[in-house]
Amino acid sequence: MAPALFLLLAFFAGPILWTVWASLTNAALTGAQAAQTDFVGLDNFTELLSDPRFRTATVLTVLFLVGCVFGQTVLGLALALLLQNRNGAVRATVGAIVVGAWVVPEVVAGFVWYAFLEREGTLNTVLGWFGTGPQNWLFAAPLLAVVLANVWKGTAFSMMTYSAGLSEVPEDLKEAARVDGASAFQVLWHVVIPLLRRTLATTLLLITLQTVQVFTLIFVMTSGGPGARSTTLPLLMYQEALRMGDLGYGTAIALALLVVAGLFSIVYVWMLRKEEDR
């Protein structure tokens, strides 16, 4: 076990411990503080709590998380249900299109959606056919724009997990519900969804962990702007730690981001344990 333990300490525990230590110092990328780092205790966290930019970024991060998790869950489950019992050609075609968006690098996806939503982009061109004037969507609704882009990119994952879960739902249970007079929605709500609870909780947890660290997509599309209207915690961390060179304050933001992800994860883990107790 020694080699495995060494790898865990070097590549997982080590960076986490360094981040905790750096957040308690005035570490910097350049200057005197880079050469002589001093321990400052909880000063970075005290400054964090009084920083209006941090509060705004936290709210935007939560809204981004909720929007992306909800969108990927609903769209992924809808696609999985629509593809269930379809012929192989239809499943292969739709799967290739959706998975194709998933495997595209974030920087490419960001440029695609930037080209789609900018003032001279494809969306305004299509809307212009109906007499609608051009609109700078990345300025008017930046957070919604990045949410839509991330949902487009990440839906394939939830679609595949829900498709696997749906394949485990016994057909005889659904057929018995139909014989008893249940509608398609009632079968979904009272038969399928309860049997998918564990899959739902696991998928929600994984989507959250993937979404909370999204940086490149937002950076390419809006760079956190206009102003700070799409600056989530990863972007604020980048601005403070790398652009401003304040590693101590940047790592404090990183730990705050870890707390946000942890709070969501606790809810999902509780859902899993509750399901196991039944």
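In this predicted model, the lining of the second largest pocket is made up of eight nonpolar residues, one polar residue and no charged ones. The pocket itself has a volume of about 180 Å³. Its lining consists of Thr73, Val74, Leu77, Ala78, Leu81, Leu188, Leu200, Leu204 and Met271. Two helices, H4 and H12 (197–211), each supply at least two of these residues, and H4 gives the most, with five.

The largest pocket holds about 420 Å³ of space. It is lined by 19 residues, of which Thr19, Met237, Ala254, Leu255 and Leu257 lie closest to its centre. Helices H1 (2–23), H14 (233–243) and H15 (247–276) are the elements that give two or more residues to this lining. The largest share, eight residues, comes from H15. Sorted by class, the lining of the largest pocket has 15 nonpolar and four polar residues, and no charged residue takes part.

Attention now turns from the pockets to the nonpolar cores. As a general background, nonpolar side chains in soluble globular proteins tend to be buried together. The largest nonpolar core of the model has 18 residues, and those that touch the most other members are Phe64, Leu117, Val146, Leu217, Ile218 and Met221. Two or more residues of this core come from each of helices H4 (52–83), H6 (106–117), H9 (142–167) and H13 (216–221). Helix H9 gives the most, with six residues.

Leu117 offers a useful place to look at the surroundings of one core member. Leaving aside residues up to four places away in sequence, Leu117 touches Leu123, Asn124, Gln135, Trp137, Leu138, Ala145 and Met221. A second core, separate from the largest one, has 14 residues, including Leu233, Leu236, Ala252 and Ala261.

A helix not yet described, H11, completes the tour. Helix H11 spans residues 184–195, 12 residues in total, and reaches 16 Å from its first C-alpha to its last, close to the 16 Å expected at 1.5 Å a residue. Within H11, the side of the story that concerns burial involves Val187, Val191, Val192 and Ile193, which are buried. The elements covering these buried residues include H4, H9, H10 (171–179) and H12. Helix H4 thus appears in several parts of this account: H4 gives residues to the largest core, gives the most to the lining of the second largest pocket, and is among the elements that cover the buried residues of H11.

Notes:
Residues numbered from 1 in each chain as written. Predicted model: local features only at pLDDT ≥ 70, side-chain atom pairs only at ≥ 80, totals over all residues. Heavy atoms only, no water. Core = buried A, V, L, I, M, F, W, Y, C linked by side-chain atoms within 4.5 Å. Buried < 20%, exposed > 50% of the residue type's maximum accessible area, 1.4 Å probe, protein only. Helix = DSSP H or I, 4+ residues; strand = E, 2+ residues; numbered from the N terminus. Contact = heavy atoms within 4.5 Å. 1 Å grid on protein atoms, 1.4 Å probe; cavity = no way out; pocket = protein on both sides within 12 Å on 5 of 7 lines; lining within 4 Å. Points joined across faces, edges and corners; volume = space filled by probe spheres on them. Nonpolar A, V, L, I, M, F, W, Y, C, P; charged D, E, K, R; others polar. Expected span 1.5 Å × (residues − 1).
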